[in-house]
Amino acid sequence: MILRGIGASEGIGVGQAVCIKEEIFDYSHVVYSGAEKEKLRLGKAVEQFLEKTAGLLGRKGKIASQEETDILNGQSAMLQDPFLRSQMDEKMETGQCAEAAVDEICTMYVEMFEGAEEELIRQRATDVKDMRSRLLSLLLGRESVDLTGIPKGSILVVHDLTPSMTVGLNREQVHGIVTESGGRTSHAAILARALELPAVLGVEHACENIQDGDHMIIDGGKGDVLLKPASDTCLHYQKRQVRYQQERSRLEVYRNRSTVDGDGRPIHLFGNIAMPHEVDAVLKEQGAGIGLFRSEFLFLSRNSIPDEQEQFLAYQQVSNKMGDRPVMIRTLDLGGDKQADCLHIGKEENPFLGFRAIRVCLKRPDMFCMQLRAILRAGAQQKNLQIVLPMVTSVQEVRETKRLLEQCKEGLLQEGVPIQEDIPLGVMIETPAAVWIADRLAKECDFFSIGTNDLIQYTVAADRGNTNVEQLYSCFHPAVLREIQRTIQVAKSANILVGMCGEAAADPRLTPLLLAWGLDGFSVNASSILPMRRQLSLWKKEQAQTVANDVMQLETAEEIEQYLQQVQIQ
Ligand code: PEP
Ligand code: MG
């Protein structure tokens with residue numbers, strides 16, 4: 001049987017299921033012993049909680065990750081918050097036992113956090129649930145879940161993963177994690193990645209379908225959970241697991257290196273992010289900067305537009321963490337497959353060809369200026385921010401943006417607000433129109449960033465999310481390759497930098513072509529930084545040039561893909 005979820009932490013895990021059922025706390029038998037006594041009971045439980053937390057963090061021979069430490073310290077701080085305690089006290093003063101006070105107040109916070117618009121705030125609900133369970137266990141004199149004794153080679157199957165479960169676990173014991181809740185950016189995902197354990201999250205009914213002791217395999221890249229697999233499947237995955245581990249350890253040597261091609265020529269290797277906290281993963285892999293900050297993610301799943309201050313804080317956080325490394329903030333790319341409720345765009349017949357990205361921004365200059373002002377202010381200290389415009393199809397769009405940008409600068413300077421005055425402006429080359437007017441666009445901007453995800457779909461007229469036409473959607477299509485080559489050539493003649501931030505930048509089969517044509521920068525997801533650093537180092541310009549010449553003689557995407565597959569250096 002195969003269950004499917006979200007691949008949240010790469011790797012293959014093979015082992016036996018250990019299912020952790022959600023605890024049910026029944027305190028109906030507890031007799032209320034008066035407000036003072038109940039408060040004393042709670043006080044004692046809180047003291048034990050704090051001691052146990054310190055114990056978890058300082059457990060001998062085990063090191064808690066920064067993520068685990070932050071979350072557990074956050075729980076202790078919350079429990080020491082006088083306001084929260086006064087809310088619990090009030091409950092006990094009105095005839096509730098300590099257990100009921102803890103349960104009701106924590107549940108109130110869980111519901112509040114779960115209803116928040118910001119994903120990061122919603123994640124806090126898991127932390128409060130964990131805190132509630134641990135406190136109730138202490139009050140009821142029960143042992144809380146302790147996984148330190150679980151057998152070697154276990155795959156944890158839990159409703160949700162909490163740091164009080166993971167601290168102290170080691171990779172010999174746990175080979176993987178499966179949860180029912182959580183997505184790629186949930187705390188469970190962050191913890192799993194910090195522990196470098198394969199994880200598949202959001203697997204519906206996992207705790208019902210998987211039994212303790214079941215033999216299972218998980219693929220943390222694809223999001224597959226294979227239950228009681230046949231022996232030939234096991235063999236196949238065991239081989240993949242060995243290959244994956246060999247590849248990862250081979251990549252470790254690239255962690256502390258600069259990025260160069262086979263001739264030693266430096267290449268900019270950046271990271272792509274959607275939310276500010278993802279910067280940490282890019283820094284861990286020593287990305288040379290952020291080549292794409294998809295700022296629209298700050299606007300998704302909420303009813304109101306984040307104001308200038310909220311955006312400023314998000315951009316400033318990224319700018320400060322990156323220090324002297326560049327950060328390219330792409331202005332709002334809403335519309336298409338990223339519909340923000342807060343913009344009330346309404347239904348369109350062809351959203352990818354409709355009211356999207358720069359078109360929305362220029363129609364709503366107040367909203368656009370709020371973002372531009374936030375970016376200008378956020379770069380005041382580090383002076384490392386750059387602006388990139390999405391879905392540009394005309395020179396006027398860039399000119400109009402520049403006019404608004406100047407207006408925002410003037411306004412802020414008049415208000416006496418510190419800004420990053422000298423801020424490079426780039427254009428995403430992700431429409432065929434942009435490719436064909438690239439020479440004109442180059443006169444208006446400081447750099448290009450090739451967005452292959454959209455460039456492919458607009459070039460071959462195949463929706464990037466439609467599986468019926470996925471065979472047409474190929475970065476190896478000769479038309480797409482010619483567009484990439486032309487864009488790089490134009491940038492070179494205009495003497496501006498050109499990078500690529502679409503998924504194709506991380507496809508090792510394209511590396512020789514991009515190097516041969518002279519691409520300056522590659523921006524990829526954090527997990528692709530080390531593989532790409534290795535891949536780039538394998539190609540000398542002359543060899544890459546030969547491959548590029550051969551490819552341009554071929555006629556179909558299939559031939560090109562096959563050829564590039566064959567010449568790949570392992
Ligand atoms: C692209 O189109 O290649 C790109 C990087 O932008 P997005 O995937 O966010 O549309
Ligand atoms: Mg795009």
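Let's start with a distance: the centres of domain 1 and domain 3, taken over C-alpha atoms, lie 33 Å apart. These two domains touch, and the contact draws eight residues from domain 1 and seven residues from domain 3. Keep in mind as you look around that this is a predicted model.

Where do these domains sit along the protein chain? Domain 1 is made of two stretches, 2-22 and 146-252. Domain 2 covers 35-140, and domain 3 runs over 268-566. If you trace the chain with your finger, you will pass through 2-22 of domain 1, then domain 2, and then 146-252 of domain 1 before you reach domain 3.

Now return to the place where domain 1 meets domain 3. Together they bury about 600 Å² between them, and 52% of that area is on carbon and sulfur atoms. On the domain 1 side, the element that gives the most is helix H9 (residues 231-252), with four residues. Sorted by class, the side of domain 1 that touches domain 3 has two nonpolar, one polar and five charged residues.

With those charged residues in view, how many salt bridges are there between domain 1 and domain 3? The count is zero. Residue pairs in polar contact, with both residues at pLDDT 80 or more, also number zero between domain 1 and domain 3.

Elsewhere, the picture includes charge pairing. Side chains of opposite charge can pair when their charged atoms come close. The structure as a whole holds 29 salt bridges. One of them joins the side chains of Lys91 and Glu104, at 3.2 Å from N to O. Lys91 belongs to helix H3 (residues 82-93) and Glu104 to helix H4 (residues 98-114), so this salt bridge links parts of the chain that are 13 residues apart.

Finally, step back and take in the whole protein chain. You can find 22 helices and 16 strands in it. Its radius of gyration is 26 Å, close to the 25 Å that the globule rule gives for 570 residues, so the chain is as compact as a globular protein of that length. Along the principal axes, its C-alpha atoms fill a box of roughly 80 × 65 × 45 Å.

How values were computed: Residues numbered from 1 in each chain as written. Chains lettered and ligands numbered in written order. Predicted model: local features only at pLDDT ≥ 70, side-chain atom pairs only at ≥ 80, totals over all residues. Heavy atoms only, no water. Domains from an automatic or database assignment. Contact = heavy atoms within 4.5 Å. Buried area = accessible area lost by both parts, 1.4 Å probe. Salt bridge = Lys/Arg side-chain N within 4 Å of Asp/Glu carboxyl O. Polar contact = N/O pair within 3.5 Å; in protein donor to acceptor, adjacent residues only side chain to side chain. Helix = DSSP H or I, 4+ residues; strand = E, 2+ residues; numbered from the N terminus. Nonpolar A, V, L, I, M, F, W, Y, C, P; charged D, E, K, R; others polar. Rg over C-alpha atoms; globule rule 2.2 N^0.38 Å.
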